[in-house]
Each structure stands twice: as structure tokens, then as C-alpha cells.
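Me: I am new to reading protein models. Could you walk me through this one with a few questions and answers?

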Amino acid sequence: MAASRNISVSETSRPVLPRHARLKFDDTRKRWVILAPERVLAPDEIAVEILQLCDGARNVAQMIDQLAAKYTAERGAIGADVIAMLQDLADKGFLTEAREKTS
């Protein structure tokens, strides 16, 4: 995996699963997994909820706002956890930055 593809996650990042990975419910395991070539990652429920927001359209700040409102939780605490989790996935090659669409 090329180091240049790793992203540094911040509130302005718009993370998305890379082309080679996808989030899928595995009926056999009865849980969500990220499938990538020769790798499977089984994120916990909270990580799955965050990953489902990684559509390339929302930035991290919008995800944090949405989760803070949903769980009526303190934004700062949620924000730190979300950024740390996304950075960990990015470091492992399971997230990349959405590219701006140019026409």
C-alpha cells in the first residue's frame, strides 16, 4: 500500500472507503464487515454507524454534528473519538479522501 494514499483525518476531511473496499453485512457472521482484497475487518457497532456516514459527501465535522445530535452527547468528546477511529482506519488503508468532482 502506498503511503501517499494515507490521509490525515480532520474535521474538513471527507473520508470514503477506497475503491477496493466495501462495507457489507455478512450473513454468516451476522455482523458488518469491511471487505478488502485478502482482508476482512469486523468493526464494532459504533464504527459501522460512523462508516455508513463516510459517503464522500459529508465531511467529518458534519458526521460529528449528526452523531452528537443523535446521541445528545458532548460534541468535543464525540469528535475526538470519531477522528481517532477514522484515522486508525485510514492508517490501515481502509479509508481514503473523497476526490473533488471536476467537470
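Here are some short questions about the core, a helix pair and the sheet.

Me: What should I know before starting?
Reply: This is a predicted model, where local features need pLDDT of at least 70, side-chain atom pairs count only at pLDDT 80 or more, and totals for chains, interfaces and linings use all residues. Residues are numbered from 1 along each chain as its sequence is written, and side-chain values use heavy atoms, leaving out hydrogens and water.

Me: Which helix supplies the largest share of the largest nonpolar core?
Reply: A nonpolar core is a set of buried (under 20% relative accessible area, 1.4 Å probe, protein chains only) Ala, Val, Leu, Ile, Met, Phe, Trp, Tyr and Cys residues joined through side-chain atoms within 4.5 Å. Here the largest one has 24 residues, and I34, V82, L86, L89 and L95 touch the most other members. The largest share, 6 residues, comes from helix 3.

Me: Are helix 1 and helix 3 roughly parallel or roughly perpendicular?
Reply: Their axes, lines fitted to C-alpha atoms over the stretch in contact, lie 11 Å apart at an angle of about 80°. Angles of 65 to 115 degrees count as roughly perpendicular. The two helices are therefore roughly perpendicular.

Me: Which strands stand at the edges of the sheet?
Reply: Strands are DSSP runs of E with at least two residues, numbered from the N terminus, and two of them pair if DSSP finds at least two bridges between them. The open sheet has the order 2-3-4, with antiparallel pairing. Each edge strand has a single partner, so one side is left without a neighbour in the sheet: these are strand 2 and strand 4.

Notes: Buried means under 20% relative accessible area, exposed over 50%, partly exposed in between (1.4 Å probe, protein chains only). Helices (H or I, at least four residues) and strands (E, at least two) are DSSP runs, numbered from the N terminus. Axes are lines fitted to C-alpha atoms, for helices over the stretch in contact, and angles run from 0 to 180 degrees between N-to-C directions. Angles under 35 degrees count as roughly parallel, over 145 as roughly antiparallel, 65 to 115 as roughly perpendicular and the rest as oblique.
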